[in-house]
Structure formats: C-alpha cells, structure tokens
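The exercises below are meant to be worked with the sequence and the model side by side, and each task is followed by a solution that goes step by step.

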Protein chains: 2
Amino acid sequence: MARAVRKPRFERQLPEVRRQALIAATIECLKRYGHEGLSIRTISAQAGVSVGLINHHFPNKDELVAAAYRYFNAELVGGMQAAVGRARATPQARMRAFLNASFSAPNLDADTLAVWVVFWGMYRHSRPIQRVQRDTYQDYVRLVRGLLLQLLQQANGRRRPQRSAAVSPAELRRAAIGLTALLDGLWLEWCLAPGTFRPAEAVKMCEVWISSLCEHIAGERRR
Amino acid sequence: MARAVRKPRFERQLPEVRRQALIAATIECLKRYGHEGLSIRTISAQAGVSVGLINHHFPNKDELVAAAYRYFNAELVGGMQAAVGRARATPQARMRAFLNASFSAPNLDADTLAVWVVFWGMYRHSRPIQRVQRDTYQDYVRLVRGLLLQLLQQANGRRRPQRSAAVSPAELRRAAIGLTALLDGLWLEWCLAPGTFRPAEAVKMCEVWISSLCEHIAGERRR
DNA sequence: GCCGTTATTGTACGATCGTTCAACAACGGC
DNA sequence: GCCGTTGTTGAACGATCGTACAATAACGGC
C-alpha cells in the first residue's frame with residue numbers, strides 16, 4: 001500500500017496575499033452581518049484561518065478595519081475612473097459613463113450601502129478611519145470636479161466662443177456640491193428602497209440637473 | 001443637635017418618566033460615543049441609574065434602542081410639521097419653512113448625523129429597528145409629497161387657469177424622489193464637512209431645483 | 001535530508017458584554 | 001407608624017470580546 005500523501009494542515013501565504021484575503025473577509029462579514037460581523041472570530045472564520053493570525057498581519061483590529069475601508073474606497077474610485085476612461089473623450093460621454101457607473105453594480109447595491117454605513121458610523125471615533133477618509137476622499141472630489149469643469153467650460157465656450165471659456169472656482173464649487181448631493185441622495189434612496197425607481201431614471205435626473213446648471217451659468221455670464 | 005435629614009438613596013419615578021429618561025440617555029450616549037456608547041452600562045451611567053433598571057423598563061437592549069429610534073424619528077417629523085404649521089399658508093412659504101427647518105439645528109448637526117448613521121447601520125439586522133422604520137418613514141414621505149403637491153398644483157393652475165390643475169401621480173412621485181435626494185444629499189454633505197457651504201446656500205439650491213421642476217412640468221403640459 | 005525562518009495555530013487571559021435575580025427601600029394609603 | 005406595592009439596586013452569571021504568546025509546522029535554501 002502506497003504511503004498516504006500527508007495533507008498539510010495549512011498553507012503558508014505571502015504576507016501580501018494573506019493581508020488581502022483578510023481584508024476581503026472583513027468586507028464580506030460586514031455585508032453579511034453588519035457591525036456585529038466585525039469581530040476577530042467572525043472574520044477569521046470567514047477567511048478560514050485561526051484567530052491569532054489577524055494580529056500577526058495587523059497590529060490590531062482597528063487597523064484591519066481601516067485597511068478594509070481603504071480598499072473599499074479605492075475600489076469605488078478606481079472603478080469610477082476606469083469607467084470614465086473607457087468612455088469617449090467628450091465631456092458628455094465621460095459624465096454619462098460616470099453616472100452610469102454610479103447607478104449600477106457593484107455600487108448600487110444594498111449590501112454595499114450597508115458596508116458604507118458601518119464605516120461612516122465609525123468615522124467620528126476611530127482615528128485610523130479618519131486617516132483613510134482624508135486620504136481617499138480627495139480623489140473622488142477631484143474626479144467629480146474634473147468632469148464638471150469640462151462640461152461647464154464647454155457650455156461657456158458655446159455661448160461665448162470669442163472669449164475665454166473660464167469657469168469661476170465659485171461656480172465649479174457650487175456645481176460639485178449640488179451634483180454630489182443629488183447623486184448621493186438618489187443612490188441612498190435606491191439602496192434603501194430599490195423598488196421605487198429605476199437606475200436609468202436616476203441617471204436622467206442627474207443629467208437634467210446638469211444641463212439646467214449649464215444653462216444657468218451661461219445665462220449669468222451673458223448679463 | 002437636630003436629627004440629620006436622611007437623604008434618600010434614590011428617587012422613584014413613574015415608569016413613563018423613567019422610560020423617557022432612559023431613551024434620552026441612549027441618544028446622548030450615541031451622540032457622544034457612537035456605536036460603542038450603546039452598552040447597558042454606558043447608558044445607565046449616563047442616566048444616573050443602576051445597570052439593572054433598564055431591564056425593568058425594557059425587555060432587552062434592542063427594544064430600548066428601537067424606542068430611542070422611534071423617539072428620534074418622531075422628533076424629526078414632529079419638528080418639521082410644526083415648522084410648516086407656523087408658516088404662512090401659501091405653498092411657497094410652507095416649502096420654505098420646511099427647507100429652513102431641514103437646514104438648521106437640531107437637524108443640521110454632526111452629532112445628529114452620527115446618531116442616524118448608527119441607527120441605519122442596524123436597520124438590516126435588527127427586527128425592532130425595521131418595525132420602527134416602517135411605522136415612521138411614511139409620515140415623512142407624506143409631508144414631503146403634500147408640500148410638493150401644493151406647489152405643483154399651483155404652478156399648473158397659473159399656467160392653465162381655465163383647466164383642472166391636477167398633477168399626475170407619476171410627476172409627483174418623481175418630484176418627491178428628486179427633492180428628497182437633493183435634500184438628503186446636501187444635508188449629508190454639510191454634516192460631514194460643515195465648512196464647505198452655508199445652510200442658506202443649500203436652501204437656495206433646493207428652491208432653484210423646485211422652481212425648475214415647476215417650469216418643466218408646466219412646459220410638458222403645454223405641449 | 002536537514003535547518004532556519006516565519007507564517008500559522010490554538011489556548012489562555014482579563015475585560016466587558018447583556019441579562020438575571022434576590023434584596024432593598026421609597027412612597028402612598030391607611 | 002406600619003404595610004404593601006413596586007421602582008431600584010448591585011452582585012453574579014455565562015458568553016464573547018480583542019489580544020498575547022508559546023508551540024507548531026510549512027517551505028525555501030543549502
């Protein structure tokens with residue numbers, strides 16, 4: 001009888017790989033069990049490792065959660081940037097790609113909202129979470145402002161082709177605030193009650209809002 | 001020497017009074033410590049009572065938290081209705097009162113947002129919280145739709161005074177979805193970063209959005 | 001095939017959690 | 001002033017939490 005091949009009790013992984021697996025397990029636990037899923041034992045069971053391993057790769061639980069938050073943020077912003085990058089190079093097409101990505105999976109999902117909400121709930125009392133927020137939020141703001149700036153400059157240029165198509169920082173600021181609010185609000189509403197409207201309606205509402213914004217700014221300029 | 005007046009070790013309260021005090025303490029703990037403030041010991045300390053008293057007035061912690069959520073919701077909706085009730089009886093004045101109340105204390109407050117966020121985080125996994133949400137959210141929706149209906153009917157009536165000023169349910173539905181989204185989004189943004197714009201700007205943005213909505217609907221009708 | 005490195009395990013510890021419950025005491029009724 | 005009702009206390013319980021740590025074993029280098 002051939003000697004049985006002894007199966008290893010566990011498999012060693014590169015720290016980088018294991019860290020990422022633990023981060024993924026953390027997010028999965030948040031989706032499944034909400035805030036109560038954020039325990040060392042729940043996460044390690046989800047990842048298929050022992051309780052002690054987490055503290056070998058992360059100094060403590062807060063840092064693991066912060067790393068998961070960082071990854072979650074990066075996934076969102078990265079997905080958005082990629083969607084915009086795949087679109088045609090016109091301001092309209094880029095903005096439409098951004099809106100479509102905002103109102104489709106994996107962003108438009110009740111599980112995803114649940115994860116965000118738990119992270120937000122920690123924001124005020126967790127230093128690591130605050131650090132991640134500060135680092136990553138700027139990327140998102142830059143993306144939105146960039147898309148809006150292109151659109152507004154074009155709208156200005158069409159109305160006043162002979163002059164500079166500059167858009168004032170104040171105008172851009174207000175436009176970004178408004179669009180972000182409408183976007184987040186619609187996204188929130190849909191995730192909380194998915195049946196009440198279709199994602200395409202949300203995209204349409206944002207586009208209507210943007211176009212009326214372009215007209216308004218151009219109108220102000222002509223005075 | 002006069003006999004010292006023995007000070008009572010504690011004061012008995014009517015169950016109604018004590019329950020309300022425990023609810024207030026729960027909300028206060030949420031404001032101060034976030035999700036981690038939601039422990040029996042933290043809450044009882046905040047209320048100045050012993051750990052055992054909570055389970056004398058509430059069957060368990062979840063029911064106390066749900067009662068706090070119910071109270072928090074009722075405070076919001078009640079405050080809004082009162083603000084609208086104090087306004088002049090014109091649709092514009094009522095809507096403006098609603099918007100002003102939305103973008104001022106106690107609603108527009110980072111502490112308040114923190115409390116909401118913790119409640120939202122429990123929504124998917126706590127039956128009692130779901131029950132409260134179902135009971136109270138309808139009141140808010142009814143208020144917003146009522147205010148919008150008045151405005152839209154008036155806008156319709158002015159454009160077509162000779163005919164019925166009816167507003168289709170589909171139009172009202174879309175209007176309510178959009179206004180709620182813009183409102184919530186702006187409210188969220190302000191609470192997260194209070195410095196970026198003034199509350200009055202938020203009110204103005206909502207009013208601009210509503211007026212363009214009125215024009216749009218009236219325009220559709222004229223075709 | 002042995003060895004050193006280190007990823008991994010699993011027990012153990014102290015703290016804190018929600019809940020229970022017997023004892024206590026405040027206060028109204030008489 | 002005594003009594004019954006019951007709001008209130010605080011110790012105790014078992015469960016679960018995050019973390020520490022010594023033992024283990026997988027795997028690459030030689």
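**Exercise 1. The overall form of chain A**

What radius of gyration does chain A have, and what would a compact globule of 223 residues have?

Solution. This is a predicted model, in which local features need pLDDT of at least 70 and side-chain atom pairs count only at pLDDT 80 or more, while totals for chains, interfaces and linings use all residues. Residues are numbered from 1 along each chain as its sequence is written, and chains are lettered from A and ligands numbered from 1 in the order in which they are written.

Step 1: the radius of gyration is taken over C-alpha atoms, and the globule rule is 2.2 Å times the number of residues to the power 0.38. Step 2: a compact globule of 223 residues would come out near 17 Å, whereas chain A has 22 Å. Step 3: set beside this the C-alpha trace of chain A, which spans about 90 × 40 × 35 Å along its principal axes. Step 4: buried residues, those with 20 or more other C-beta atoms (placed from the backbone) within 10 Å of their own, make up 30% of the 223 residues in chain A.

**Exercise 2. Helices of chain A**

Count the helices and strands of chain A, and then examine α8 of that chain.

Solution. Step 1: helices (H or I, at least four residues) and strands (E, at least two) are DSSP runs, numbered from the N terminus; by this rule chain A has 9 helices and 0 strands. Step 2: helix α8 of chain A, residues 169–192, holds 24 residues and reaches 34 Å from its first C-alpha to its last, close to the 34 Å expected at 1.5 Å a residue, where the expected span is 1.5 Å times one less than the number of residues. Step 3: the buried residues of α8(A) include A:A175, A:L179, A:L182, A:L186 and A:W190.

**Exercise 3. The contact between the chains**

Which helix of chain B supplies the largest share of the side that touches chain A?

Solution. Step 1: two residues are in contact if their C-beta atoms, placed from the backbone, lie within 7 Å, and 26 residues of chain B are in contact with 26 residues of chain A. Step 2: on the chain B side, α6 (110–123), α8 (169–192) and α9 (199–222) each supply at least two residues. Step 3: the largest share, 11 residues, comes from α8(B). Step 4: by class, this side divides into 13 nonpolar, 9 polar and 4 charged residues, with Ala, Val, Leu, Ile, Met, Phe, Trp, Tyr, Cys and Pro counted as nonpolar, Asp, Glu, Lys and Arg as charged, and the others, Gly among them, as polar.

**Exercise 4. The DNA strands**

Identify the residues closest to DNA strand C and to DNA strand D, and the helices that contribute to each surface.

Solution. Step 1: a residue is near a strand if its C-beta atom, placed from the backbone, lies within 6 Å of it. Step 2: 26 residues surround DNA strand C, the closest being A:G52, B:S39, B:G52, B:N60 and B:K61, and α1 (15–33) of chain A and α2 (40–47) of chain B each supply at least two residues of that surface. Step 3: 26 residues surround DNA strand D, the closest being A:S39, A:N60, A:K61, B:V49 and B:G52, and here α2 (40–47) of chain A and α1 (15–33) of chain B each supply at least two.

**Exercise 5. A cis bond**

Where in chain A does A:P106 lie?

Solution. Step 1: A:P106 lies in the loop between α5 (91–102) and α6 (110–123) of chain A. Step 2: the peptide bond from A:A105 to A:P106 is cis, with omega near 0 degrees, whereas most peptide bonds are trans.

Notes. Buried ≥ 20, exposed ≤ 12 C-beta atoms within 10 Å, placed from the backbone.
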